[in-house]
Amino acid sequence: CEGGTAAVVGALFEACTEAGVRFEFDSVVKEVRTSGRTAHAVVLENETIEANGVVITADREAALTSMFAPSRSRSVRYGHSAIVWYVGVRRPVALPHHSVFLPSDPWRSYAQLDAGEIPREPLVYACNPAIDDDGVAPPGCSALTLLAPVPNALALPEFDEGALFDAVLPSIERQAGPLRNDIELVRSRGPREFAGELRLAHGAAFGPDHTLDQMGAFRPSIRHPQFDNVVFAGSGTHPGSGVPMVLLSGRMAARRLMGDAA
(Lines give C-alpha, C1' and ligand atoms only; values in the text may rest on other atoms or scores of the structure.)
Protein backbone atom coordinates (compact mmCIF):
# COMPACT_ATOMS: atom_id res chain seq x y z
CA CYS A 1 0.00 0.00 0.00
CA GLU A 2 1.08 3.62 -0.39
CA GLY A 3 3.33 4.50 2.52
CA GLY A 4 4.40 0.90 3.11
CA THR A 5 4.44 -0.69 6.54
CA ALA A 6 4.56 2.75 8.14
CA ALA A 7 1.07 3.36 6.76
CA VAL A 8 -0.17 0.28 8.65
CA VAL A 9 1.38 1.63 11.85
CA GLY A 10 -0.18 5.02 11.22
CA ALA A 11 -3.62 3.50 10.67
CA LEU A 12 -3.35 1.50 13.89
CA PHE A 13 -2.26 4.61 15.79
CA GLU A 14 -5.21 6.59 14.42
CA ALA A 15 -7.70 3.85 15.28
CA CYS A 16 -6.33 3.57 18.82
CA THR A 17 -6.43 7.34 19.34
CA GLU A 18 -10.05 7.47 18.20
CA ALA A 19 -10.83 4.69 20.68
CA GLY A 20 -9.40 6.77 23.55
CA VAL A 21 -5.91 5.29 23.85
CA ARG A 22 -3.29 7.65 25.31
CA PHE A 23 0.26 7.18 24.01
CA GLU A 24 3.41 8.05 25.95
CA PHE A 25 6.45 8.15 23.67
CA ASP A 26 10.12 8.20 24.67
CA SER A 27 9.22 6.86 28.12
CA VAL A 28 11.24 3.90 29.36
CA VAL A 29 9.35 1.33 31.44
CA LYS A 30 11.38 0.80 34.59
CA GLU A 31 9.19 -1.76 36.33
CA VAL A 32 5.82 -3.51 36.36
CA ARG A 33 4.60 -3.49 39.95
CA THR A 34 2.85 -6.59 41.16
CA SER A 35 1.06 -8.02 44.17
CA GLY A 36 0.34 -11.71 44.52
CA ARG A 37 -0.49 -12.95 41.02
CA THR A 38 -1.60 -9.55 39.71
CA ALA A 39 0.16 -6.60 38.08
CA HIS A 40 -1.28 -3.28 39.21
CA ALA A 41 1.01 -0.51 37.90
CA VAL A 42 3.56 0.35 35.22
CA VAL A 43 6.43 2.54 36.39
CA LEU A 44 7.95 4.96 33.86
CA GLU A 45 10.89 7.26 34.46
CA ASN A 46 8.66 10.18 35.56
CA GLU A 47 5.22 8.63 36.08
CA THR A 48 3.45 5.63 37.52
CA ILE A 49 0.37 4.41 35.65
CA GLU A 50 -2.19 2.26 37.48
CA ALA A 51 -3.28 -0.74 35.41
CA ASN A 52 -5.90 -3.49 35.46
CA GLY A 53 -3.98 -5.44 32.83
CA VAL A 54 -0.66 -5.16 31.01
CA VAL A 55 0.21 -6.07 27.40
CA ILE A 56 3.94 -6.09 26.74
CA THR A 57 5.08 -5.80 23.13
CA ALA A 58 8.77 -5.45 23.98
CA ASP A 59 10.97 -8.50 23.42
CA ARG A 60 9.44 -11.11 25.73
CA GLU A 61 12.58 -12.52 27.34
CA ALA A 62 14.23 -9.13 27.75
CA ALA A 63 11.05 -7.78 29.37
CA LEU A 64 10.90 -10.69 31.80
CA THR A 65 14.32 -9.76 33.18
CA SER A 66 14.11 -5.95 33.02
CA MET A 67 10.52 -5.23 34.14
CA PHE A 68 9.92 -7.91 36.78
CA ALA A 69 11.70 -9.47 39.71
CA PRO A 70 13.73 -12.51 38.64
CA SER A 71 11.62 -15.63 38.17
CA ARG A 72 12.04 -19.04 36.64
CA SER A 73 11.06 -19.17 32.99
CA ARG A 74 11.60 -21.37 30.02
CA SER A 75 15.05 -21.25 28.41
CA VAL A 76 14.84 -19.80 24.89
CA ARG A 77 17.37 -20.12 22.07
CA TYR A 78 17.77 -17.09 19.83
CA GLY A 79 18.22 -17.11 16.08
CA HIS A 80 20.00 -14.91 13.59
CA SER A 81 19.97 -11.17 13.38
CA ALA A 82 20.31 -8.99 10.30
CA ILE A 83 21.92 -5.81 9.16
CA VAL A 84 19.72 -3.37 7.27
CA TRP A 85 21.04 -0.60 5.05
CA TYR A 86 18.94 2.39 4.03
CA VAL A 87 20.44 3.65 0.77
CA GLY A 88 19.57 6.89 -1.01
CA VAL A 89 20.39 6.80 -4.72
CA ARG A 90 20.48 9.80 -7.07
CA ARG A 91 18.75 8.00 -9.92
CA PRO A 92 15.94 5.50 -10.55
CA VAL A 93 16.94 1.92 -9.80
CA ALA A 94 15.79 -0.84 -12.17
CA LEU A 95 14.70 -3.36 -9.54
CA PRO A 96 11.23 -4.72 -8.66
CA HIS A 97 9.62 -3.54 -5.44
CA HIS A 98 10.84 -6.74 -3.73
CA SER A 99 13.84 -8.87 -4.72
CA VAL A 100 15.75 -11.73 -3.11
CA PHE A 101 19.31 -12.47 -4.19
CA LEU A 102 20.60 -15.93 -3.33
CA PRO A 103 24.28 -16.94 -3.42
CA SER A 104 25.54 -19.72 -5.69
CA ASP A 105 25.43 -22.14 -2.73
CA PRO A 106 22.68 -20.98 -0.31
CA TRP A 107 23.07 -23.98 1.99
CA ARG A 108 26.73 -23.17 2.54
CA SER A 109 25.77 -19.62 3.50
CA TYR A 110 23.09 -20.90 5.88
CA ALA A 111 25.64 -23.21 7.50
CA GLN A 112 28.07 -20.32 7.99
CA LEU A 113 25.32 -18.27 9.67
CA ASP A 114 24.51 -21.20 11.97
CA ALA A 115 28.22 -21.43 12.85
CA GLY A 116 28.28 -17.78 13.93
CA GLU A 117 30.09 -16.55 10.81
CA ILE A 118 29.44 -13.93 8.15
CA PRO A 119 28.70 -15.83 4.92
CA ARG A 120 31.34 -15.45 2.23
CA GLU A 121 28.45 -14.93 -0.19
CA PRO A 122 25.71 -13.07 1.67
CA LEU A 123 22.00 -13.62 1.16
CA VAL A 124 20.32 -10.31 0.29
CA TYR A 125 16.78 -8.95 0.32
CA ALA A 126 16.22 -5.66 -1.51
CA CYS A 127 13.21 -3.35 -1.31
CA ASN A 128 12.81 -0.63 -3.96
CA PRO A 129 9.53 1.10 -3.03
CA ALA A 130 10.06 4.16 -5.25
CA ILE A 131 9.06 2.06 -8.25
CA ASP A 132 5.46 2.04 -6.92
CA ASP A 133 5.34 4.92 -4.41
CA ASP A 134 6.52 8.39 -5.50
CA GLY A 135 6.49 9.67 -1.95
CA VAL A 136 9.45 7.66 -0.61
CA ALA A 137 12.21 9.53 -2.48
CA PRO A 138 12.76 12.87 -4.27
CA PRO A 139 11.84 12.97 -7.97
CA GLY A 140 14.24 10.95 -10.10
CA CYS A 141 15.78 9.26 -7.04
CA SER A 142 15.41 5.95 -5.22
CA ALA A 143 15.38 4.82 -1.60
CA LEU A 144 16.56 1.23 -1.23
CA THR A 145 16.36 -0.98 1.81
CA LEU A 146 18.89 -3.83 1.75
CA LEU A 147 18.90 -6.63 4.31
CA ALA A 148 21.45 -9.38 4.89
CA PRO A 149 21.11 -12.01 7.65
CA VAL A 150 24.00 -12.11 10.14
CA PRO A 151 24.58 -14.01 13.40
CA ASN A 152 23.13 -12.46 16.54
CA ALA A 153 25.33 -10.48 18.93
CA LEU A 154 25.84 -13.45 21.23
CA ALA A 155 27.18 -15.65 18.42
CA LEU A 156 29.22 -12.86 16.79
CA PRO A 157 29.70 -9.73 18.95
CA GLU A 158 31.45 -7.69 16.24
CA PHE A 159 31.99 -7.75 12.49
CA ASP A 160 33.06 -5.39 9.70
CA GLU A 161 29.82 -3.78 8.47
CA GLY A 162 31.62 -1.87 5.72
CA ALA A 163 33.15 -5.05 4.30
CA LEU A 164 29.75 -6.74 4.33
CA PHE A 165 28.16 -3.83 2.47
CA ASP A 166 30.93 -4.07 -0.11
CA ALA A 167 30.03 -7.75 -0.55
CA VAL A 168 26.29 -7.05 -0.79
CA LEU A 169 26.38 -4.19 -3.29
CA PRO A 170 27.69 -6.25 -6.26
CA SER A 171 24.63 -8.54 -5.97
CA ILE A 172 22.41 -5.50 -6.48
CA GLU A 173 24.57 -4.02 -9.23
CA ARG A 174 24.46 -7.20 -11.28
CA GLN A 175 20.73 -6.55 -11.69
CA ALA A 176 20.47 -2.76 -11.46
CA GLY A 177 23.77 -1.61 -13.00
CA PRO A 178 26.54 0.39 -11.29
CA LEU A 179 25.26 2.20 -8.19
CA ARG A 180 28.21 3.14 -6.02
CA ASN A 181 28.90 6.51 -7.66
CA ASP A 182 25.21 7.45 -7.46
CA ILE A 183 24.77 6.71 -3.75
CA GLU A 184 23.88 9.85 -1.81
CA LEU A 185 23.76 8.37 1.67
CA VAL A 186 23.88 5.07 3.54
CA ARG A 187 22.52 4.45 7.03
CA SER A 188 22.54 1.08 8.74
CA ARG A 189 21.01 -0.78 11.66
CA GLY A 190 22.31 -4.13 12.88
CA PRO A 191 22.50 -6.38 15.95
CA ARG A 192 24.06 -3.64 18.07
CA GLU A 193 21.19 -1.24 17.37
CA PHE A 194 18.55 -3.95 17.75
CA ALA A 195 19.95 -4.77 21.20
CA GLY A 196 20.57 -1.19 22.34
CA GLU A 197 17.69 0.76 20.79
CA LEU A 198 14.98 -1.90 20.57
CA ARG A 199 16.17 -4.05 23.50
CA LEU A 200 15.99 -7.27 21.53
CA ALA A 201 17.76 -10.09 23.34
CA HIS A 202 21.22 -10.56 21.78
CA GLY A 203 20.13 -8.23 18.97
CA ALA A 204 18.27 -11.17 17.37
CA ALA A 205 16.07 -9.40 14.82
CA PHE A 206 13.62 -12.30 14.43
CA GLY A 207 13.31 -13.30 18.09
CA PRO A 208 13.63 -16.89 19.30
CA ASP A 209 15.17 -19.28 16.79
CA HIS A 210 12.70 -20.86 14.37
CA THR A 211 13.43 -24.45 15.28
CA LEU A 212 10.64 -27.02 15.39
CA ASP A 213 10.38 -26.86 19.19
CA GLN A 214 10.07 -23.03 19.15
CA MET A 215 7.54 -22.52 16.36
CA GLY A 216 3.75 -22.33 16.28
CA ALA A 217 2.25 -23.88 19.38
CA PHE A 218 5.76 -24.28 20.83
CA ARG A 219 6.55 -20.57 20.69
CA PRO A 220 6.92 -18.97 24.16
CA SER A 221 3.47 -18.38 25.63
CA ILE A 222 1.63 -15.06 25.49
CA ARG A 223 0.95 -15.56 29.21
CA HIS A 224 3.33 -14.36 31.89
CA PRO A 225 4.54 -17.40 33.86
CA GLN A 226 3.56 -15.80 37.17
CA PHE A 227 1.04 -12.95 36.76
CA ASP A 228 -2.47 -13.62 35.48
CA ASN A 229 -3.17 -10.17 33.98
CA VAL A 230 0.12 -9.77 32.09
CA VAL A 231 0.31 -10.95 28.46
CA PHE A 232 2.85 -10.62 25.67
CA ALA A 233 2.54 -9.79 21.99
CA GLY A 234 5.13 -9.63 19.24
CA SER A 235 7.54 -11.88 17.38
CA GLY A 236 8.86 -13.57 20.52
CA THR A 237 5.56 -15.21 21.46
CA HIS A 238 2.61 -17.02 19.82
CA PRO A 239 2.17 -17.42 16.92
CA GLY A 240 5.54 -16.20 15.57
CA SER A 241 7.46 -13.52 13.67
CA GLY A 242 6.39 -11.53 10.62
CA VAL A 243 3.82 -8.74 10.40
CA PRO A 244 0.70 -10.98 10.03
CA MET A 245 1.78 -13.20 12.94
CA VAL A 246 2.59 -10.23 15.16
CA LEU A 247 -0.82 -8.65 14.47
CA LEU A 248 -2.44 -11.99 15.35
CA SER A 249 -0.47 -12.07 18.60
CA GLY A 250 -1.95 -8.68 19.51
CA ARG A 251 -5.45 -10.04 18.95
CA MET A 252 -4.65 -13.10 21.07
CA ALA A 253 -3.28 -10.92 23.87
CA ALA A 254 -6.38 -8.68 23.84
CA ARG A 255 -8.75 -11.67 23.92
CA ARG A 256 -6.79 -13.18 26.80
CA LEU A 257 -7.10 -10.02 28.90
CA MET A 258 -10.74 -9.46 27.96
CA GLY A 259 -11.53 -13.07 28.94
CA ASP A 260 -9.88 -12.61 32.30
CA ALA A 261 -11.77 -9.36 32.91
CA ALA A 262 -15.17 -10.83 31.96
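Me: In this predicted model, which residues are in contact with H238, leaving aside its neighbours within four places in sequence?

Reply: They are G216, A217, R219, P220, S221, I222, S249 and M252. The word "contact" applies because heavy atoms lie within 4.5 Å.

Me: Where along the chain does H238 lie?

Reply: H238 belongs to the loop between strand 10 (230-232) and helix 6 (243-261). P239 is found in the loop between strand 10 and helix 6 as well.

Me: Why is H238 called buried?

Reply: The relative accessible area of H238 is 18%. A residue is called buried when this value is under 20%. The value of 18% meets that condition, and therefore H238 is buried.

Me: What makes the approach of the H238 side chain to the backbone oxygen of A217 a polar contact?

Reply: The separation is 3.1 Å. A polar contact requires a pair of N or O atoms within 3.5 Å, with one able to donate a hydrogen and the other to accept it. The distance of 3.1 Å therefore falls within the cut-off.

Me: What kind of peptide bond joins H238 and P239?

Reply: The bond is cis, and its omega is about -5 degrees.

Me: Which residues of helix 3 are buried?

Reply: Helix 3 covers residues 106-114, and its buried residues are P106, S109, Q112 and L113.

Me: How do you know that these residues lie on the same side of helix 3?

Reply: P106, S109, Q112 and L113 cover an arc of only 120 degrees around the axis, and therefore they lie on the same side of helix 3. As a general principle, an α-helix has 3.6 residues a turn, so residues three or four places apart point the same way. On the other side of helix 3, W107 and D114 are exposed.

Me: What covers the buried residues of helix 3?

Reply: The cover includes strand 8 (142-150).

Me: Why does Q112 count as buried?

Reply: Q112 has a relative accessibility of 7%. The cut-off for a buried residue is under 20%, so Q112 meets it. Leaving aside neighbours within four places in sequence, Q112 is in contact with E117, I118, P119 and R120.

Me: What value does phi take at G116, just after helix 3?

Reply: G116 has a positive phi of about 80 degrees.

Me: Which value of phi is found at R199, and which at H202?

Reply: R199 has a positive phi of about 60 degrees although it is not a glycine. Phi of H202 is near 60 degrees, again a positive value in a residue other than glycine. R199 lies in the loop between helix 5 (191-196) and strand 10, and H202 is found in the loop between helix 5 and strand 10.

Me: Why are R199 and H202 called partly exposed?

Reply: The relative accessibility is 46% for R199 and 35% for H202. Partly exposed residues fall between the buried class, under 20%, and the exposed class, over 50%. Both values lie in between, so R199 and H202 count as partly exposed.

Me: How many helices and strands does the chain have, and what share of its residues is buried?

Reply: The chain comes to six helices and ten strands. Buried residues make up 37% of its 262 residues.

Me: What share of the contacts with a separation of 6 or more joins residues 24 or more positions apart?

Reply: Such residues account for 62% of those contacts in the chain.

Note on methods:
Residues are numbered from 1 along each chain as its sequence is written. This is a predicted model: local features need pLDDT of at least 70, side-chain atom pairs count only at pLDDT 80 or more; totals for chains, interfaces and linings use all residues. Side-chain values use heavy atoms; hydrogens and water are left out. Helices (H or I, at least four residues) and strands (E, at least two) are DSSP runs, numbered from the N terminus. Buried means under 20% relative accessible area, exposed over 50%, partly exposed in between (1.4 Å probe, protein chains only). The arc is that of the directions from the helix axis to the C-beta atoms.
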